[in-house]
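Got the viewer open? Load the model, switch to cartoon, and keep a selection box handy. We'll start with the whole chain and then hop from residue to residue.

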Amino acid sequence: MSTPATGAAAPDGRRLRLEVWLVLGLSLGQSAVYAALSLLAALTRGPLRDATATLNASRSDREWLDVTYQLLGIGFALVPVGLALFLLAGDGPGVLRRLGLTGAGRLRTVLEGVGLTALIGLPGIGVYLAGRALGVTADVVTVPQQVYWWTAIVLVLAAFQNGVLEEVVMIGYLFTRLRQIGWSTPTIIVSSALLRGSYHLYQGFGQALGNVLMGLVFGYWYHRTRRLAPLVVAHTLLDVFAFVGVLLLGDRLGLR
């Protein structure tokens, strides 16, 4: 449990529970509600195999407006990260160090991130293909219809935003607060993983399950190491491959 700053009263459980609900309601908890509703809408339209889940969609048919919307969306999506870090900073100094987000051991961080990318990414492709074959996963489109010279750059930024948002909020923030509330480690890991899967339900049951498994691996890793940076690296790389990889190689691989 984190030690409160000198002179500050330790927050009580009721206050922490309310804080967690507010942070999730402003970020990924809200996404989970909309994802479940999107899945329900897809199921009532027809077979899930015929549904399409579009990521990184174009926001306007005018180029300058499209890139403006895209960048604003990325920026505002990171606001809950700032809020979570601000709230955790109330426990005492060194919030980035406590979460394992400092720049120390950068080569080790990158290597561990690459290793986690391989561990999650290769089975993840199999889960997606199996889900499509079984009809429990939507056709996930990761590249916008309108492609410009800056599209790859924005896709990389979107991948980084996803990595930072999900890992800081779902792992760093949530693990810290739920430990302070008194939850056991297995309960925290499983609950975080299930929530991670829930906000991917718009992609279908297969992708939701794949993200639950990813959440279990990431949660256990963080419990053992208390280092969040490799998870951010791994998540970012996974999305870069899914976004930019499809943009560059999708036609050759029959994915576009």
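A contact here means heavy atoms within 4.5 Å. With that in hand, residues 24 or more positions apart account for 78% of the contacts in the protein with a separation of 6 or more. Some housekeeping before you click: this is a predicted model, where local features need pLDDT of at least 70, side-chain atom pairs count only at pLDDT 80 or more, and totals for chains, interfaces and linings use all residues. Residues are numbered from 1 along each chain as its sequence is written, and side-chain values use heavy atoms, with hydrogens and water left out.

**Whole chain**

Colour by secondary structure. You should find 10 helices and 2 strands, if you take helices as DSSP runs of H or I with at least four residues and strands as E runs with at least two, numbered from the N terminus. Reading from the N terminus, the order is α-α-β-α-α-α-α-β-α-α-α-α. The radius of gyration is 19 Å, close to the 18 Å that the globule rule gives for 256 residues, so the protein is as compact as a globular protein of that length. That radius is taken over C-alpha atoms, and the rule is 2.2 Å times the number of residues to the power 0.38. Along the principal axes, the C-alpha trace spans about 60 × 35 × 35 Å.

Now turn on the surface. About 13,400 Å² is exposed, with carbon and sulfur atoms supplying 67% of it; the areas come from the Shrake-Rupley method with a 1.4 Å probe, and for residues only the protein chains shown count as cover. Of the 256 residues, 46% count as buried. Buried means under 20% relative accessible area, exposed over 50%, and partly exposed in between (1.4 Å probe, protein chains only).

Where do the charges sit on average? The mean positions of the 20 positive and 13 negative charges are 9 Å apart. Lys and Arg are the positives, Asp and Glu the negatives, and His and the chain ends are not counted; each charge is placed at NZ of Lys, CZ of Arg, CG of Asp or CD of Glu.

**Stop 1: the loop after strand 1**

Select serine 60, in the loop between strand 1 (52-54) and helix 3 (63-77). Serine 60 is buried, at a relative accessible area of 13%. Show sticks, and you'll see its side chain reach the backbone nitrogen of arginine 62 at 3.1 Å. That pair fits the rule for a polar contact (N or O atoms within 3.5 Å; within protein, one must be able to donate a hydrogen and the other to accept it, and residues adjacent in sequence count only if both atoms are side-chain atoms). Setting aside residues up to four places away in sequence, serine 60 touches Leu65, Asp66 and Tyr69.

Asparagine 56 is in the loop between strand 1 and helix 3 too. Check its backbone: phi is positive, about 60°, although asparagine 56 is not a glycine.

Next, pick leucine 72 in helix 3. Leucine 72 is partly exposed, at 43% relative accessible area. Draw a C-alpha distance to tyrosine 148, and you should get 17 Å for two residues 76 apart in sequence.

**Stop 2: helices 7, 8 and 9**

Is tyrosine 222 buried or exposed? At 0% relative accessibility, tyrosine 222 counts as buried; look for it in helix 9 (residues 205-225). Beyond four places in sequence, its contacts include Arg98, Leu99, Ile171, Phe175 and Leu231.

Jump to one of those contacts, isoleucine 171, in helix 7 (residues 151-181). Isoleucine 171 is also buried, at 0%. Its C-alpha is 7.5 Å from that of tyrosine 222, with their positions 51 residues apart along the chain. Among the residues isoleucine 171 touches are Ser192, Phe218, Gly219 and Leu228.

Follow that to serine 192 in helix 8, which is buried at 1%. Apart from neighbours within four places, serine 192 is in contact with Met170, Ile171, Leu174 and Phe175.

Stay in helix 8 (residues 185-198) and select threonine 187. Threonine 187 is partly exposed at 36%, and its side chain makes a polar contact with the side chain of serine 184 at 2.8 Å.

**Last stop: the loop after helix 9**

Finish at arginine 226, in the loop between helix 9 and helix 10 (229-253). Its phi is near 55°, a positive value in a residue other than glycine. Arginine 226 counts as partly exposed, at 32% relative accessibility.
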